[in-house]
Amino acid sequence: MPASAHTPSLLECCSAAAGLVHGMVRPKPADQRFLRSITDAGLPSPRSTVRVRALEQVTRPVPTPMIVEGLFTPRHIGNALTTFVIEHPQATFLVDPSVCDDYRRRAIAQLPGVLRAVVSPPPGTLSTVAALANESNLPAPDFALPTHAHWDHVCGLLDLPGLPVHLHRDEHRWISAGPIAPVGGVRDSLLDRPLVEYDLDGPPVLTFTRSHDLFGDGSVILVDLAGHTPGSIGVLAHTERGWILLAGDAAWHHLQIDEIRQKSGFPGSLVDFDRELAFRTLHRLHLARHTATIIPTHDATASNTLRTTLAHKEMTRTHQAPGGSMEA
Ligand SMILES: [Zn+2]
């Protein structure tokens, strides 16, 4: 049977493993010159605010150096396949519908064997539809907006037939080109549903060179985070608690942004489309981190700050007066 998705060569796998070991000893240093060259274009003046919440998900502890190159403290960090919901006065939408029911057969089976074991979600992982059902007072989503076209950011769509998808045109072009998909577990999720392509045709915002104002009111701005995939974007949302930037997989954990550390060589170099560009994007996130609260999709600690149900449980347990919801 012909392959339906690209499989890394033996050489690519060996070089990823070698990169993991090398990166543990000698992590790639930040490019101070590039850092100094980045300008901050500031933020738009938003005319409305949105609510951002993270849906419930199981957290898996992963050894830190498997995520953040050359970093050994703390020993483990939490990783999760989180989906976010943004409520705007005009529409409610999902960012990164991450997991479908029966994900092993419907999505992970299309991944190369070398990645399957590393990316397999832990037992109890919730599908996006199951996590949605656990939320109260949540309007039905009007559309989905993946930060990029990887299986763990779109396959939840398989259980949401007909839900429209907004996708960056560069990303759609990349994932659709040719008979063999560049990555597995994605194309099926995009089939047979309305697809709205957009371009990053707006001005620079913060430290990012291109943008797209989703509702035209400055409250949700999509920014260019290319590198992990050709058309990766971040979702910059104006909330009552300030600006939040959902950063997809431009970083897997906030420590990468704080320390300017790229993803570990394995599996990082097998999943980053353009490692150099991804590293540059990390520099841009590093500089933006004081203006916006940056939430990498898989960073469980960061996304838990956007969990309403968790906030409720915490408050019930500690009997603290609600000093403000954890949702934003
Ligand atoms: Zn990804």
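Colleague: Let's start with residues 80-298. How much helix and strand do they hold, and how far apart are the end C-alpha atoms?

Modeller: This is a predicted model. Over residues 80-298 the chain is 27% helix and 19% strand, and the C-alpha atoms at the two ends are 5 Å apart. UniProt, in an unreviewed entry, puts the feature "domain: Metallo-beta-lactamase" on that stretch.

Colleague: And the whole protein: how many helices and strands are there?

Modeller: The secondary structure comes to 13 helices and 13 strands.

Colleague: Why is the protein called as compact as a globular protein of its length?

Modeller: Its radius of gyration is 19 Å, and the globule rule gives 20 Å for 328 residues; the two values are close, so the label follows. Along the principal axes, the C-alpha trace spans about 55 × 45 × 45 Å. Buried residues account for 46% of the 328. As for contacts between residues at least 6 apart in sequence, 70% of them join residues at least 24 apart.

Colleague: How do you know that β10 is mostly covered?

Modeller: Count along the strand, residues 220-224: five of its five residues are buried. Val220, Leu222 and Asp224 point one way and Ile221 and Val223 the other, and both sets are buried.

Colleague: What makes β9 and β10 a pair?

Modeller: Pairing needs at least two bridges. Three bridges join β9 to β10, so these antiparallel strands pass. His212 stands opposite Leu222 there. The hairpin of β9 and β10 has six residues between the strands, and Gly216 takes a positive phi near 75 degrees in it.

Colleague: How does β10 pair with β11?

Modeller: Antiparallel again, over five bridges, with β11 covering residues 233-239. Ile221 has Leu236 as its bridge partner in β11.

Colleague: Why is Asp96 called buried?

Modeller: The cut-off is 20 or more C-beta neighbours within 10 Å. Asp96 has 28, so it counts as buried. Its place is in the loop between β5 (92-95) and α3 (103-106).

Colleague: What makes the phi values of Asp96 and Leu206 worth a look?

Modeller: Most residues other than glycine have a negative phi. Asp96 has a positive one, near 60 degrees, and Leu206 has one near 50 degrees. Leu206 sits in the loop between β8 (195-198) and β9 (211-213). With 23 C-beta neighbours inside 10 Å, Leu206 also counts as buried.

Colleague: Why is Leu190 called partly exposed?

Modeller: Buried starts at 20 neighbours and exposed ends at 12. Leu190 has 17 inside 10 Å, so it falls in between. Leu190 belongs to helix α8 (residues 187-190). Leaving out residues up to four places away in sequence, Leu190 touches Val154, Val165 and Leu195.

Colleague: How far is Leu190 from Ala18, in sequence and in space?

Modeller: They are 172 residues apart in sequence and 35 Å apart in space, C-alpha to C-alpha.

Colleague: Last one, peptide bonds. What is the omega from Thr73 to Pro74, and from Phe266 to Pro267?

Modeller: Omega is near -5 degrees for Thr73 to Pro74, a cis bond. The bond from Phe266 to Pro267 is cis too, with omega near 10 degrees. For comparison, most peptide bonds are trans.

Colleague: Where do Pro74 and Pro267 sit?

Modeller: Pro74 is in the loop between β2 (60-63) and β3 (76-79), whereas Pro267 is in helix α10 (residues 265-271).

Conventions
Residues numbered from 1 in each chain as written. Predicted model: local features only at pLDDT ≥ 70, side-chain atom pairs only at ≥ 80, totals over all residues. Helix = DSSP H or I, 4+ residues; strand = E, 2+ residues; numbered from the N terminus. Contact = placed C-beta atoms within 7 Å. Rg over C-alpha atoms; globule rule 2.2 N^0.38 Å. UniProt positions renumbered as here; feature names shortened; annotations may be inferred.
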